[in-house]
Amino acid sequence: MSTSTDARADGQARAPHIADSHEMIRVHGARVNNLQGVDIEIPKRRLTVFTGVSGSGKSSLVFDTIAAESQRLINETYSAFLQGFMPSPARPEVDVLDGLTTVISVDQQRMGADPRSTVGTVTDANAMLRILFSRLGKPHAGPPGAFAFNVPSVSAAGAITVGNGKKEKVTFHKVGGMCPGCEGRGTVSDLDPAQLYDDTKSVNEGAFTIPGYTGGGWNSRLYAESGFFDPDKPIREFTERELRDLLHREPTRMKIAGINMTYEGLVPRIRKSMLAKDKEAMQSHVRAFVERAVTFTPCPECDGTRLAAHARSATIGEVSIADACRMEIRDLADWVRNVQEPSVSPLLTALRQTLDSFVEIGLGYLSLDRPAGTLSGGEAQRVKMIRHLGSSLTDVTYVFDEPTAGLHPHDIRRMNELLLRLRDKGNTVLVVEHKPEVIEIADHVVDLGPGAGTGGGTVCFEGPVDALRGSDTVTGRHLDDRAALKGAVREPDGVLEIRGAQANNLRDVDVDLPLGVLTVITGVAGSGKSSLVHGSIPEELGVVSVDQSPIRGSRRSNPATYTGLLDPIRKAFAKANGVKPALFSANSEGACPTCNGAGVIYTDLAMMAGVASTCEDCEGRRFDAAVLEYHLGGRDIAEVLAMPVAEALAFFAEREARTPAAHKILERLADVGLGYLTLGQPLTTLSGGERQRLKLATHMADKGGVYVLDEPTTGLHLADVEQLLGLLDRLVDSGKSVIVIEHHQAVMAHADWIVDLGPGAGHDGGRVVFEGTPADLIAARSTVTGEHLAAYVGE
Ligand code: ADP
Ligand code: ADP
Ligand code: ZN
Ligand code: ZN
C-alpha cells in the first residue's frame, strides 16, 4: 500500500495516480453540465475540498457525477421487481468512474414540510426518549408508543371464537401518544372572520371578501337567499344566532331558485373547499387569501405539546417527555446526565451521545420539538449530519455542500472538527466550500474553473493547500484576501426604530437600524439575527426581502420567465416574424405537443421522487417544431433560451436583435454574478445562493426602500465577494437602505453600521451586544464578532 496519498505528510504535492488505484476514486472523462471531460483521482479516506468560482462545475462533479452515479449503482443492486418501482436516472456522462463507495449526501435541502416532523423525530432522539419514559416515567403510562405524538390511540370492538366454539366479544385498545385535539400537530387552525367579510356591509352590499364569493355568483346567492339572516343587514348588526348560522351552521338542504343546494356555514365550507387543498396548486389570489385568513394557535388541549394527557403526566423527577422536548438541547443533555439508572444505562449512553453531538455541532440552542420545516438550510444540514456522526458505518463517501452556510467564524472551527472526525472514522469526505478556514484543513484540494459555465469545467489545480496558495489560480490568488476597513462610513438619513422585539429568543430588543446605509447584522448561529430581521421590521416600509428560499413555481419556470425577460424576447421574435408573441412561449401556444413544453416527460411514482426523461419529439427543446422555423438575429427561440446570460447580453445589443428592454434585465442578471446561468435553466436546479441572486436581480428595480438579504455570500467564491460588495454599494448609492445578515468578514468590514446580536445562541442570545461602526467594533473587541473581525483585518 502506498502512503503517498497523504500529501501533507511529506509536504509536497504528489501526482495522485502514483497511489494504488483502489485507494482512489477515479473519474475519467466527466462531461456533466459544463464539465469538459474532467479526469481526476480523489484520495479515499481523506478530506477533499472542491473550490472554484460559482458556476465553475463543482456541484456538477461532486453531486451530479460522483454522488449520482453511486446512487444509481446502489439502485441497480435491488431486485428487478423493486427496480420497476424506482426512478432509474440515466448514467451520468462520464467514461470511467471507479473506486466509488456508498455516497451519502448531506445537503442543504430543507426538511420536508410534514408538520409532524420535528428535530427530535428526524434524529433518533425522540425514539430514545420514548423508551426512557416508558421505562422510568411515573405513573407508568405504557409502552414507548404511548409517548409518540404521531401514533393515535385506537379502540376496536370485535369477536373471537373461543375453545368451545362460542364467540366472545372483545375490545382492542392500542394506546398512542397523539393528542386527539390537534392530531399531533401541536397547533389548531382557525379562520380569521375579519378576512372573510367586511362587517360594515350587508351580504347584498358585497360584504364577502373571499375569492369566488363576490359579485352575485352562486356562492354569495346561497348565503343571501338562505333565509337565516337578513341579506340587507350589515353583518356587524347580526344577532349571535345569525352570526353562528353564517359562520358555523351544519350542512342543511335547501332550494334556491328551484335548485337543490346544501347550505353550510362559511367556516366549514371554506375548510373543505380551500384549506384541504394543496397550497402550491392554488391560483395565486386564492393562496394569498388562505395565507391571510388562516391563523394557527397552540392546541388548547395539549398546550402545543402534541401529546395526549397520559403521555404528559408521566415524569422522571419533575420532567415530562413534553418538558424534555421543549428544553434547549444543551439543557436536556445536562438533565440526562443526571438520570442514574443502571437498568437503562446503554440507552442513556446512546441518548447522551446524540444530544452531545447537537451541542458539538453548534445546535445546542435548538429544542427537540422544533418543527423540522422551520430550520434554515444550514441548520437542516447540520441536523442531518448528526444522524451520521453516530453511525458505525465506515468507508462511506460523505459529500457536503457548503457546510459553513449560516455559521459565524466562531462556529466554523467546530464544524471543521466534525468533518475531520468523519474522515478519521475511515470515511472519504468531499466538501464544496469557499471559506478559507475550511480549505485550510483539506488533505487535498480540487480547484475547478477557471471561469463559470462554458468558461469553466476544467481542473485548474489539484494538490495540497500550500501548493494551491502558490498556484496562479483564481482561488490560490484570493486565498489570503483580507478586506480593509473603509476610510469613511456613510451617514444615515434616518432610522428604523424597532421597539420591544420579542420574536423567538429576542429579549425585548430596542434597536435603531440606520436608513440609507449598508447595515450588517452579525452574531453566532442561533443568536437571533433572522428573528430580528424577518420578525420585527414593519411591513409598511416597503421591505424587499431577498432570501434563499425556494421560488414558487415549477419545473417550467426559468430565469427568463421569472425575471420577465421572456416578454421582450417574445415580442422581438413576434415582430421580426410577423406572428403572435404567444408562439414563443413553451408554456402556451408554442409548446411541443408531446411534452406540453416541459422538455421532459415526468413519471410520478408514489412515495418516490419522480423520474424525468427527455422528450423524444422536441429533444428537450420544449417548442413545437414549427416555432423553431422562426428566427431572430439568426437564432431560434430554443437557441436563445440555451444562451448563458453573458452571451445573451451581447446578442440583444446587436443590430438585428437589438432589444433594449431585454438588455436591461440581462444587465441586472450579470450584475449579481449570474452571467453564467442559461436563460432556460429550470429554477428547480438552482442553488440557494443562485436563487437569492436571481431574486435580487429581479427586485433591484423595485420601488421598495429597505432591502433585506440573508447571507448573500452563500455560494460565492472569494473572488466574487468583491463584486457583491460593489453591488450592495450601488443599491445604497441609488437611495436604498440595505440590511444584510452576514458572517463573511469582508462584508462586515465593508459595512457602514454593524448590529451584533448575542452573546450566545438561543436563551443565551437575543440581545444587542454591539451597535456601531466596524472600526468601533474592532476597537471595543467586546464581542466574539469583534475578536474575529479584528483578527481578520489584521489589527
Ligand atoms: P458550481 O457548483 O461550481 O457553482 P455548477 O456545477 O452548479 O457550478 O454549474 C456549472 C454549470 O452548469 C453552470 O453553467 C450551470 O449553470 C450549469 N448547470 C448546473 N446544473 C444544471 C442543470 N441541471 N441543467 C443545466 N445546466 C446546469
Ligand atoms: P440566527 O438567525 O442568528 O441564526 P434565529 O433568529 O434563526 O438565529 O434563531 C434565534 C432563536 O430562535 C434560536 O433559539 C432558534 O432556535 C429560535 N427560533 C428561530 N426560528 C424559530 C421558529 N420558527 N420556531 C421556534 N423557534 C425558532
Ligand atoms: Zn393538541
Ligand atoms: Zn417535447
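The following paragraphs go through two zinc sites, two ligand sites and one buried strand residue of a predicted model.

In this predicted model, local features need pLDDT of at least 70 and side-chain atom pairs count only at pLDDT 80 or more, while totals for chains, interfaces and linings use all residues. Residues are numbered from 1 along each chain as its sequence is written, chains are lettered from A and ligands numbered from 1 in the order in which they are written, and side-chain values use heavy atoms, with hydrogens and water left out.

The zinc ion (ligand 3) has the protein donors Cys179 (SG), Cys182 (SG), Cys299 (SG) and Cys302 (SG), lying 2.3 Å from it. Donors are N, O and S atoms within 2.8 Å of the metal (3.2 Å for Na, K and Ca); water is not among the atoms, so sites may look incomplete. The arrangement around ligand 3 is tetrahedral because its 4 donor atoms subtend angles of 105 to 114°; four donors count as tetrahedral if all angles lie between 85 and 135 degrees. Along the chain the donors of ligand 3 follow the spacing C-x2-C-x116-C-x2-C. Cys179 sits in the loop between β7 (167–174) and β8 (187–191), and Cys299 in the loop between β11 (294–298) and α9 (309–313), so the pair ties together parts that are 120 residues apart in sequence. Helices (H or I, at least four residues) and strands (E, at least two) are DSSP runs, numbered from the N terminus. Cys179 and Cys299 are both buried, where buried means under 20% relative accessible area, with a 1.4 Å probe and protein chains only.

A second zinc ion (ligand 4) is coordinated by Cys592 (SG), Cys595 (SG), Cys615 (SG) and Cys618 (SG), at 2.3 to 2.4 Å. This site is tetrahedral too, with angles of 103 to 115° among the 4 donor atoms. The donor residues of ligand 4 are spaced C-x2-C-x19-C-x2-C in sequence. Cys595, in the loop between α20 (566–577) and β22 (600–603), and Cys618, in the loop between β23 (611–614) and α21 (637–641), are 23 residues apart and link distant parts of the chain. Cys595 and Cys618 are buried.

Ligand 1 is surrounded by 15 residues, of which Gly55, Lys58, Ser59, Ser60 and Gln681 come nearest; a residue is counted if one of its heavy atoms lies within 4 Å of the ligand. By class, this shell has 3 nonpolar, 11 polar and 1 charged residues. Its polar contacts (pairs of N or O atoms within 3.5 Å) include one of 2.7 Å between a polar backbone atom of Gly55 and an oxygen atom of ligand 1. A polar side-chain atom of Asn33 lies 3.2 Å from a nitrogen atom of ligand 1. The protein covers 79% of the 560 Å² of accessible area that ligand 1 has on its own, by the Shrake-Rupley method with a 1.4 Å probe.

Around ligand 2 there are 15 residues, the closest being Arg370, Gly526, Lys529, Ser530 and Ser531. The shell divides into 4 nonpolar, 9 polar and 2 charged residues. A backbone N or O atom of Gly526 lies 2.7 Å from an oxygen atom of ligand 2, and a polar side-chain atom of Ser530 lies 2.5 Å from an oxygen atom of this ligand. Taken alone, ligand 2 exposes 560 Å², and the protein buries 76% of that.

Finally, Val520 lies in strand β20 (residues 518–522). Val520 counts as buried because its relative accessibility is 0%. Val520 and Asp756 are 236 residues apart in sequence, yet 8.3 Å apart in space, C-alpha to C-alpha.

Technical notes: Tetrahedral: all angles 85-135°; square planar, octahedral: opposite > 155°, others 65-115°. Buried < 20%, exposed > 50% of the residue type's maximum accessible area, 1.4 Å probe, protein only. Polar contact = N/O pair within 3.5 Å; in protein donor to acceptor, adjacent residues only side chain to side chain. Nonpolar A, V, L, I, M, F, W, Y, C, P; charged D, E, K, R; others polar.
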